[in-house]
Structures are given as C-alpha cells and as structure tokens.
Amino acid sequence: EKAAGWKLLFDGKSMKGWEDIRRNTPPGDSWTIEDGCLKAVPHPKLREDLFSTQTFGDFELTWEWKIEAKGNSGLKYRIQDRFFIDERRKEFKRFEDLANHSIRTRATKREDGTQEYIVGFEYQMIDNAGHSDARRGAYYQAGALYSMIPAAQPAARPVGEFNLSRVVVKGNRIEHWLNGVKVVEGELNAPATLEKTAARWTTDSLIYQALANQPKKLCPIALQNHGDAAWFRSIKIRPLP
C-alpha cells in the first residue's frame, strides 16, 4: 500500500495527524480514542469535528466506521470554511437561517452550547432504519453525498457492525462506495447538484457560494461529531495526480 502511495491518517493509538481539540482552551470534549478507534463522544458540551492536519486536493480515501443505534455522523471533504454556531439562539426557525447568519457575522465564540459548522461535502454515515433524517429518503442515507446526491441503494451493515467506505475525488468528479458497492457517482458542480445546494441555502448565501465555487482546492479531511457515538478506524488516503 505504501508503494502505491497510501498513507495512514490514524495510527490507532494517538491524535497524531489530527487537530487535538483536547488541547484547546477550553479543552474540547467531542473526541477520544477507544479500542483502536477515533470515537465521536455522544452529547459533548462543545460539539466539534475532527480535522486532519494535512490538506489534500484529489485523492482516494478509505476507512471503516460504525454508528450507535439511531446515530448520525459523516466525513467531510473539500472543506471551504468552518465557524461556530450558537445553538442557544431560538429566533431562527431553520438551522440554515442560523448558519447563514453565523457565517456572515462570525459573532459566536467557542464555548459550551455552540457547535462548529463545516462548509464542505459530506459522506453521510447514519442508522438508516433508526434515525429520522435517514427516513426522509436516499439523499440523507448512508453513503449519500448529503442532501446533494442520493445513495443509489442501501448498502450499510446492521448498526453496531463496522462498514467499509471509500471516496474518490478527482476535480469535481466524485465516487462514494459503501461495503464494495458504488452508491454515488457524480460531479460537485453539476447543475442538479448545485440546484439541491441552492434549495437548501439560497444562491445569495455565503455557504452556497463557497460550495459552488470551491475557492480552496487543498483541504483537510474532517470527521463529524453530530452528537451521537461513532467510531472510525483504518483511515487511509492516497493522493491522486
């Protein structure tokens, strides 16, 4: 694998190669290492994703993951921005409205009651049967490009078992694989993809503009803490020419 250009992103025992949020002020409580896995801690005081310290352009990425019952998580790539959202603000009826406000003002602080929001493209990892978001349809089920390109078919293993996922990114062309099945194939800037993005964020949104234009080409990989327990292991990446 090394001869073919593969690199380990997680050594199975330390945060080497990742931003260790436990060293922040105040210390982050969203991530830990358990049984050879990076684990998203359920219900942290401060919900943050875990970022690789290296950045990547075109790449092939594989990893194994499992989720708790009724759980939700994801892996994000081609990340364009990150900012904090104050979830205690109730004057916004939709999460998207709160996020659009937060990216414009960047007024929230890193403190209990906030979450870090990542502007990027998400490989969805979820309990298809037990989570309400997945029951909305294939755009929100395991393996989908979340809310943009639906999973072609169910391919996840039962909750509690590890799944094998693979992402290939070359230019705007992407593939999502789940347990040996290609569940997504498409382009990040295809009209249909941009239409779904605009429907969620509106075209004048800074979030939409970042996703549509992708000004950043070298980006970290991020593992999502969505408030539920999730485990990640055997994370490997191979940069593509």
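Let's start with Lys-39, which sits in strand β3, residues 37-40. Keep in mind that this is a predicted model. Is Lys-39 buried or exposed? Its relative accessibility is 14%, and the cut-off for buried is under 20%, so Lys-39 counts as buried. Setting aside residues up to four places away in sequence, Lys-39 touches Ser-30, Trp-31, Thr-32 and Glu-34, and also Ala-229, Ala-230 and Trp-231.

Now a second lysine. Lys-170 belongs to strand β8, which covers residues 163-170. Here the relative accessibility is 42%, so Lys-170 counts as partly exposed. Which residues does Lys-170 contact, once neighbours within four places in sequence are left aside? They are Asp-58, Leu-240 and Pro-241. Take Pro-241: in sequence, 71 residues separate Pro-241 from Lys-170, while their C-alpha atoms are 8.7 Å apart in space. A polar atom of the Lys-170 side chain lies 2.5 Å from the backbone oxygen of Pro-241.

Next, helix α2, residues 191-201. Its buried residues are Thr-193, Leu-194, Thr-197, Ala-198, Arg-200 and Trp-201. Why do we say that they line one face of the helix? Looking down the axis of α2, the buried residues fall within an arc of 160°, so they line one face. Pro-191, Ala-192, Glu-195 and Ala-199, on the other side of α2, are exposed.

What covers the buried residues of α2? The cover includes two helices, α1 (95-105) and α3 (206-213), along with two strands, β7 (114-126) and β10 (181-187). Just after α2 comes Thr-202, with a positive phi of about 75°.

Last, the sheet. It is an open sheet of 4 strands, in the order β4-β11-β6-β7, and the pairing is antiparallel. Which strands stand at the edges? They are β4, residues 50-51, and β7; each has a single partner strand, so one side of each is left without a neighbour in the sheet.

Inside that order, β6 (residues 72-86) and β11 (residues 222-223) run antiparallel and are joined by 2 bridges. On β6, Lys-76 has Ala-222 of β11 as its bridge partner. Helix α1 packs on this sheet, where it touches β6 and β7. The direction of α1 makes about 60° with that of β6.

One link to take away: α1 is part of the cover over the buried residues of α2, and α1 also packs on the sheet. Strand β7 appears twice as well, as part of that cover and as an edge strand of the sheet.

How values were computed. Residues numbered from 1 in each chain as written. Predicted model: local features only at pLDDT ≥ 70, side-chain atom pairs only at ≥ 80, totals over all residues. Heavy atoms only, no water. Buried < 20%, exposed > 50% of the residue type's maximum accessible area, 1.4 Å probe, protein only. Contact = heavy atoms within 4.5 Å. Polar contact = N/O pair within 3.5 Å; in protein donor to acceptor, adjacent residues only side chain to side chain. Arc of directions from axis to C-beta. Pairing = 2+ DSSP bridges. Axes fitted to C-alpha atoms, helices over the stretch in contact; angles between N-to-C directions.
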